[in-house]
Amino acid sequence: MSTLITPSPTPFSSASDATSEQTTSHALQLACETLQIEADAILNLKQRLAGSDAHSFCAALSMLLHCHGRVVVSGIGKSGHIARKIAATFASTGSPSFFVHPAEAAHGDLGMVTAQDVFIAISYSGEAGELIAILPILKRLGVKLIAFTGNPESTLAKLADIHLSVHVEKEACPLNLAPTASTTVTLALGDALAVAVLDARGFKEEDFARSHPGGALGRRLLTHVRDIMRTGAAIPQVTPDTKLTSALLEITQKGMAMTAIVDKDNRIVGVFTDGDLRRMMEKQSNFSDLIIADVMAKNPRTVRPEQLAVEAVEVMETHRINQLLVADAEGKLVGALHIHDLTRAKVI
């Protein structure tokens, strides 16, 4: 009869574990070195902009501010990816902009570029053949050219109206080959230029919101009280001579934990909330004969329908309240706002 031999479990390999720890340690060291190299490259760019490159940067800023067309950004390879981001940043901050692929430009897309445009060409070497090939056409069109390169003696740098240096001492890649520090610096320079342009143009939060209507900032800056307030029969309201018990029924039916009190001309004269009811019950046990005018809070805080919803949020947060009445210029009740309405509208 044969005996079944069960193989024993493979023992834990301390050597393998040590190797894993060494690999992890090396990876973390390399990651930190990468960040340091790229941070140093940006700091060097900052020093150049404050010194030797200040004139070129200001000239590029002036050219963009006087641009009556679009900002066209182009590059190939990794520079092309950075160019797309820079174009997107300009477009979202008030400067009409788009990316054009240099190879596609040579096959028809150059027709999108006009003499009123400013063309930003990005190539670290400054010798990208696809870009160099379209420069004569751009020159004949009279398009202004800004070049981002790492070599001021390159063909692209010499043909440009303005050259901005994105030179780095070394790439973060251990082989010093893959574009890493240079693309980081190029992106940072594009951001710096876009920010300088938006500031010089007086670009405000409201302008940013108009180009980002679907985002959180767009909702905060484009949503008005009138867009989300409750109106008509949804507004809890009673007159000053209403019995407190009837007012409580109105509060319950309308589900806002409060009611407005209005006079015969629909002007707001007071408000009564669930909080007011709790505080009143601590002092009085019999309130069946009370009318709402006896217990309402007079001169309640209100907002106007044309105000931004974020302003209503600020009032609520400042005074620690959850509801607001909406009044027109004459103090007449036109709406009501609960904090839940603001939450549903994603204003907060």
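Here are legends for a set of close-up views of this structure, which is a predicted model.

**Figure 1. The whole chain, before we zoom in.** Start with the inventory: 15 helices and 12 strands make up the secondary structure of the protein. The protein has 348 residues, and 41% of them count as buried. Take the contacts between residues at least 6 apart in sequence, and 64% of them turn out to join residues at least 24 apart. A search of the whole structure also turns up 13 salt bridges, and a few of them get their own views below.

**Figure 2. Helix α5 has a kink at L135.** This view follows α5, residues 129-141. The helix bends by about 30° at L135, shortly before the proline P136. L135 is also one of the buried residues of this helix, along with L131, I134 and L138. Spacing like this is worth a thought while looking at the helix: an α-helix has 3.6 residues a turn, so residues three or four places apart point the same way. What covers the buried residues of α5? The cover includes three strands, β1 (71-75), β3 (118-122) and β4 (144-149), and two helices, α4 (102-105) and α6 (155-159). Just past the helix comes G142, with a positive phi near 85°.

**Figure 3. Helices α2 and α7 cross obliquely.** Two packed helices are described by the angle between their axes and the distance between the axes. Here the partners are α2 (residues 54-65) and α7 (residues 181-200), whose axes come within 10 Å and cross at roughly 55°. That angle makes α2 oblique to α7. As for handedness, α2 passes α7 in a right-handed crossing. On the α2 side, the contact is made by F57, A60, L61, L64 and L65. α7 answers with L189, A192, L193, A196, V197 and A200.

**Figure 4. R230, D341 and R344 form a salt-bridge network.** Side chains of opposite charge can pair when their charged atoms come close. In this view, three residues, R230, D341 and R344, are linked in a network of salt bridges. The D341 and R230 pair has its closest N and O atoms 3.1 Å apart. D341 sits in helix α15 (residues 339-344), while R230 sits in the loop between α10 (225-228) and β6 (237-238), so this pair ties together parts that are 111 residues apart in sequence. Both D341 and R230 are buried. The other link in view joins R344 to D341, with 2.6 Å between the closest N and O atoms. This one is local: R344 and D341 both belong to helix α15 and are 3 residues apart, about one turn of the helix. Is each end of that pair buried or exposed? R344 counts as exposed at 59% relative accessibility, whereas D341 is buried, with a relative accessible area of 7%.

**Figure 5. Strand β12 carries a buried glycine, G335.** The strand spans residues 333-338, and G335 is found in it. G335 has a relative accessible area of 0%, so it is buried. Which residues does G335 touch, leaving out those up to four places away in sequence? They are M229, R230, I235, L325 and V326. R230 is the arginine from Figure 4, where it pairs with D341. For another distance in this view, the C-alpha atoms of G335 and R304 are separated by 9.1 Å, and the two residues are 31 residues apart along the chain.

**Figure 6. K264 and D265 pair up beside N266.** The side chains of K264 and D265 meet in a salt bridge, at 3.6 Å from N to O. K264 counts as exposed, at 80% relative accessibility. D265 is partly exposed, with a relative accessible area of 35%. N266 is found in the loop between β7 (258-262) and β8 (268-273). Its phi is near 70°, a positive value in a residue other than glycine. N266 is partly exposed too, with a relative accessible area of 29%.

**Figure 7. N176 also has a positive phi.** Most residues other than glycine have a negative phi, and most peptide bonds are trans. N176 has a positive phi, near 60°. Where is N176 found? This asparagine is in the loop between β5 (162-165) and α7. At 43% relative accessibility, N176 counts as partly exposed.

Notes. Residues are numbered from 1 along each chain as its sequence is written. Side-chain values use heavy atoms; hydrogens and water are left out. The bend at a residue is the angle between axes fitted to the seven residues ending there and the seven starting there. Helices (H or I, at least four residues) and strands (E, at least two) are DSSP runs, numbered from the N terminus. Buried means under 20% relative accessible area, exposed over 50%, partly exposed in between (1.4 Å probe, protein chains only). Contact means heavy atoms within 4.5 Å. Axes are lines fitted to C-alpha atoms, for helices over the stretch in contact, and angles run from 0 to 180 degrees between N-to-C directions. Angles under 35 degrees count as roughly parallel, over 145 as roughly antiparallel, 65 to 115 as roughly perpendicular and the rest as oblique. A crossing is left-handed if the near helix is turned anticlockwise from the far one by less than a right angle, and right-handed if clockwise.
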